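Got the viewer open? Here is a short walk through the model, one selection at a time.

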Amino acid sequence: MRMRQWILLTGLALPALLAQAAGLGRVEQVLAPAWLVRAGHSEPLTPDMVLHDGDRVETGAGARAYLLLGDGGRVKLGASTQFAITAATETTAANGRDENGVYRAAIDIVTGAFRYTTGLLKKLQPRDLSVRVGTTTIGIRGTDIWGRASPDEDMAVLIEGHVELTRGAESVIMSEPLTQYHAPRTGAMQPLGKIDPVALGELARETEIPAGAGASSVQGRYTATLGSFSTPTEARARYDQVRAAGYAAR
């Protein structure tokens, strides 16, 4: 009897097989292709991966990713986005908390769109979280904010809460819902303006995973069989090809 080699595309279901050490956050949901880059090594982004100091997440064309941070907040990443996370200080524990239990971390959105939302039950938890969007830094204290870093400008929309934005020597407070901020890469910050809910809805779709899109999650109920092969060499070649493209095959 000849054994066949199978490859499963775990894009629809991925149970947590092993308990992992605490980190700065973890991956909740992925619409591939997307990658985790750690210490120069890249691998497909997979639900329940733990995020550690210095990790980078990259999403491909049409992709999305949802990340749960150690402060209880959720970060939604749009397509073609580069996200990096670091502990705020060298003395911070592996889970991002200092000796007083304050979560301290910094997020860098190098390019692309994101949305950060504090969980309803987590808003009062102590945190010192900053989000760098291109050349602008946003201080987070418990809020719902959408932003984008592009070659032309940094942009942020306050949906709920209160944030302070800093860019060089300039700073501005955003405290009114549906307020938007624009900062061209060359030139000063623009005055804050309002955004209507319809326009906000268009932006929000850039970071939402559409229903039925085939995203992977820990709670997923399905597994897709990508193919079967008669030799290990054939199976390994396709496995490597699929994973290099940002899909978590096994």
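Start by selecting R148, which is partly exposed at 22% relative accessible area (partly exposed sits between buried, under 20%, and exposed, over 50%, with a 1.4 Å probe and protein chains only). Before moving on, a word on ground rules: this is a predicted model, where local features need pLDDT of at least 70 and side-chain atom pairs count only at pLDDT 80 or more, while totals for chains, interfaces and linings use all residues. Residues are numbered from 1 along each chain as its sequence is written, and side-chain values use heavy atoms, with hydrogens and water left out.

Now add E206, the salt-bridge partner of R148, with the closest N and O atoms 2.8 Å apart (a salt bridge is a side-chain nitrogen of Lys or Arg within 4 Å of a carboxyl oxygen of Asp or Glu). R148 is in strand β13 (residues 144-149) and E206 in the loop between α1 and β19, so the pair links distant parts of the chain, 58 residues apart (helices are DSSP runs of H or I, at least four residues; strands are runs of E, at least two; both are numbered from the N terminus). E206 is partly exposed too, at 30%.

Next, pick E202 and R205, whose side chains meet in another salt bridge, 2.4 Å from N to O. E202 is partly exposed, at 46%. The count of salt bridges comes to 13.

One more from that set: select K76 and E208, with closest N and O atoms 2.8 Å apart. K76 lies in strand β8 (residues 73-77) and E208 in the loop between α1 (197-204) and β19 (216-217), so this bridge ties together parts 132 residues apart in sequence. Which of the two ends is buried? K76 is, at 16%, whereas E208 is partly exposed, at 24%.

From K76, step to A65 in strand β7 (residues 64-69). A65 is buried, at 0%. Beyond its neighbours within four places in sequence, A65 is in contact (heavy atoms within 4.5 Å) with Q29, L45, T59, V75, K76 and L77.

Follow that list to L45, whose own contacts outside the same four-place window include V27, W35, V57 and A248. L45 is also among the residues with the most contacts inside the largest nonpolar core, along with L77, F83 and I138; this core has 37 residues (a nonpolar core is a set of buried Ala, Val, Leu, Ile, Met, Phe, Trp, Tyr and Cys residues joined through side-chain atoms within 4.5 Å). Strand β10 (residues 103-118) gives the most to this core, with six residues.

Last stop: a second, separate core of eight residues, including A113, M155, V157 and I195.
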